[in-house]
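The exercises below ask the reader to work through a protein chain step by step. Each task is followed by its solution.

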Amino acid sequence: TEKIRVGVIFGGRSSEHEVSLKSASCVLKAIDRTKYEVIPIGISKTGQWLVGNDVLALLSSLAPGLMQGEEQSSYPKEALPVSLLPVPGTGGLVSLESDQGGMEVSSLASRLDVVFPVLHGTYGEDGAIQGLMELADLPYVGCGITGSAVAMDKAMTKAVLTAGDFPQLPYLVVLRSQWEKDPAMVEREVKNHLGYPCFVKPASLGSSVGISKARNSAELQPALAEAAIYDRKLVIEKDAGNAREIECSVLGNDDPIASVPGEIVPSREFYDYVAKYHDGDSQLIIPARISPKATRKVQELAIGAFKALDCVGMARVDFFVDKTTEQVYINEINTIPGFTPISMYPKLWEASGIPYGELIDRLIELAMEHHRDKQRNVTSFSPKEMKQP
């Protein structure tokens with residue numbers, strides 16, 4: 001049987017570029033090469049798409065020294081610049097080769113059967129890459145445009161969850177321009193509606209980049225300034241207090257299932273970027289230390305939130321659970337969760353009976369199932385009264 005051709009895309013123009021490389025490394029090692037012909041596709045920090053046997057190693061070597069926005073003058077011959085045409089039926093990558101000062105487009109791959117985006121953050125998890133896949137009419141792993149875009153924007157997520165009466169901690173949404181014009185007004189709003197401590201976050205970013213804890217009014221303005229570096233929209237949330245940080249993985253399309261919940265015990269004051277990816281001292285406790293009743297509630301809310309945001313394929317839903325009352329609050333939803341060796345999404349499914357390799361198989365199957373379902377949609381229309389008898 002001919003192997004399924006899987007394009008694994010990683011890197012990207014995001015502050016989570018390095019995290020994406022770590023996740024992709026694990027996916028590329030675990031994917032079953034007897035079933036799949038794997039095509040690694042790396043996106044540099046400048047947005048250049050590259051293919052090649054060592055493109056992951058190449059981007060890993062560039063990542064520490066090349067900042068977003070800087071230009072890479074040249075790449076090794078083993079790394080071929082490519083593009084994906086947003087044209088249905090082409091089904092593959094094309095190479096971009098210089099020819100007398102111009103760009104000659106020639107065929108590189110006869111087809112891609114399915115795409116596995118391992119792109120965290122901006123342009124990868126926010127509906128951008130999903131839109132390109134839709135235009136190219138290619139199956140792809142994970143949520144579609146709507147679910148990706150809404151889940152990436154914490155303010156929009158909270159608005160949808162509020163409309164669905166899901167339990168959340170009190171929060172405020174502030175535009176960067178509002179804060180810059182009237183910082184005192186923002187400080188009054190926080191004091192009157194949230195109090196301290198509180199957390200300040202960029203609305204559309206992950207991996208805890210740009211997040212700060214403000215314990216008092218003196219720390220609020222620096223926290224807002226930090227978040228405003230990364231986004232025009234800022235989310236300020238009330239501190240969860242004496243609560244456990246709980247995560248639950250969701251898998252499926254129209255009939256999703258939830259994993260056993262896991263618990264994060266951060267090595268630092270909160271689960272920031274360093275605690276997640278660098279110091280290695282944070283604890284992941286699976287299953288979480290919550291009651292069976294709270295476990296069922298977390299799983300129920302995880303599936304409910306997944307459906308409310310029109311997610312498909314996969315997502316990880318994060319919660320706070322009060323240690324005393326076991327009141328459950330939804331924190332956020334991640335549509336392309338980490339796949340590193342210490343990431344909760346694959347660990348929770350392994351604890352639930354789905355090992356890493358099988359999880360990849362299921363995600364690819366779900367992608368192709370969802371694409372087949374979309375193929376049933378009619379994209380043309382002719383009013384009945386215009387038809388000839």
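Helix axes are lines fitted to C-alpha atoms over the stretch in contact, and the angle between two axes runs from 0 to 180 degrees between N-to-C directions. The model used throughout is predicted.

**Exercise 1. Describe how helix α7 packs against helix α8.**

Solution.
Step 1. Helix α7 covers residues 183-193 and helix α8 covers residues 217-228; their axes are 11 Å apart and meet at an angle of about 120°.
Step 2. Angles of 65 to 115 degrees count as roughly perpendicular and those over 145 as roughly antiparallel. The angle of about 120° therefore makes α7 oblique to α8.
Step 3. The crossing of α7 past α8 is right-handed.
Step 4. On the α7 side, the contact is made by Pro 183, Val 186, Glu 187 and Val 190, and on the α8 side by Ser 217, Leu 220, Gln 221 and Leu 224.
Step 5. Sorted by type, the residues of this contact of α7 with α8 are five nonpolar, two polar and one charged.

**Exercise 2. Determine how α4 and α5 are oriented to each other, and state which residues of α4 are buried.**

Solution.
Step 1. The axes of α4 and α5 are 5 Å apart, at an angle of about 105°.
Step 2. Since the range for roughly perpendicular is 65 to 115 degrees, α4 and α5 are roughly perpendicular to each other.
Step 3. Val 150, Ala 151 and Met 152 of α4 meet Lys 154, Met 156, Thr 157 and Val 160 of α5. The contact of α4 with α5 comprises five nonpolar residues, one polar and one charged.
Step 4. Helix α4 spans residues 145-152, and its buried residues are Gly 147, Ser 148, Val 150, Ala 151 and Met 152.
Step 5. The cover over the buried residues of α4 includes α3 (128-136), α5 (154-163) and β17.

**Exercise 3. Is Thr 335 buried or exposed, and which residues does Thr 335 touch?**

Solution.
Step 1. Thr 335 is in the loop between β17 and α11 (344-351).
Step 2. Buried means under 20% relative accessible area. Thr 335 has 2% relative accessibility and so counts as buried.
Step 3. Not counting residues up to four places away in sequence, Thr 335 touches Glu 125, Cys 143, Gly 147, Ser 148, Ala 151, Cys 311, Met 314 and Ala 315. Gly 147, Ser 148 and Ala 151 are among the buried residues of α4.
Step 4. Thr 335 and Asp 126 are 209 residues apart in sequence, yet their C-alpha atoms are 8.8 Å apart in space.

**Exercise 4. Place Arg 316 in the chain and describe its surroundings.**

Solution.
Step 1. Arg 316 belongs to strand β16 (residues 313-322).
Step 2. With a relative accessible area of 11%, Arg 316 is buried.
Step 3. The side chains of Arg 316 and Glu 247 are joined by a polar contact of 3.3 Å.
Step 4. Leaving aside neighbours within four places in sequence, the contacts of Arg 316 include Cys 248, Ser 249, Glu 332, Ile 333, Asn 334 and Tyr 345.

**Exercise 5. Locate the less usual backbone geometry at Pro 197, Pro 287, Asp 310 and Glu 326.**

Solution.
Step 1. Most residues other than glycine have a negative phi, and most peptide bonds are trans.
Step 2. The bond between Tyr 196 and Pro 197 is cis, with omega about -5°. Pro 197 is in the loop between α7 and β9 (198-202).
Step 3. The bond from Ile 286 to Pro 287 is also cis, with omega near 0°. Pro 287 is in the loop between β15 (283-285) and α10 (292-308).
Step 4. Asp 310 has a positive phi, near 60°, and is in the loop between α10 and β16. At 48% relative accessibility, Asp 310 is partly exposed.
Step 5. Glu 326 has a positive phi of about 60° and is in the loop between β16 and β17 (328-334). Glu 326 is partly exposed, at 26% relative accessible area.

**Exercise 6. What is the secondary structure of the chain, and what share of its residues is buried?**

Solution.
Step 1. The chain has twelve helices and 17 strands.
Step 2. Of its 389 residues, 51% are buried.

Key
Residues are numbered from 1 along each chain as its sequence is written. This is a predicted model: local features need pLDDT of at least 70, side-chain atom pairs count only at pLDDT 80 or more; totals for chains, interfaces and linings use all residues. Side-chain values use heavy atoms; hydrogens and water are left out. Helices (H or I, at least four residues) and strands (E, at least two) are DSSP runs, numbered from the N terminus. Angles under 35 degrees count as roughly parallel, over 145 as roughly antiparallel, 65 to 115 as roughly perpendicular and the rest as oblique. A crossing is left-handed if the near helix is turned anticlockwise from the far one by less than a right angle, and right-handed if clockwise. Contact means heavy atoms within 4.5 Å. Ala, Val, Leu, Ile, Met, Phe, Trp, Tyr, Cys and Pro count as nonpolar, Asp, Glu, Lys and Arg as charged, and the others, Gly among them, as polar. Buried means under 20% relative accessible area, exposed over 50%, partly exposed in between (1.4 Å probe, protein chains only). A polar contact is a pair of N or O atoms within 3.5 Å; within protein, one must be able to donate a hydrogen and the other to accept it, and residues adjacent in sequence count only if both atoms are side-chain atoms.
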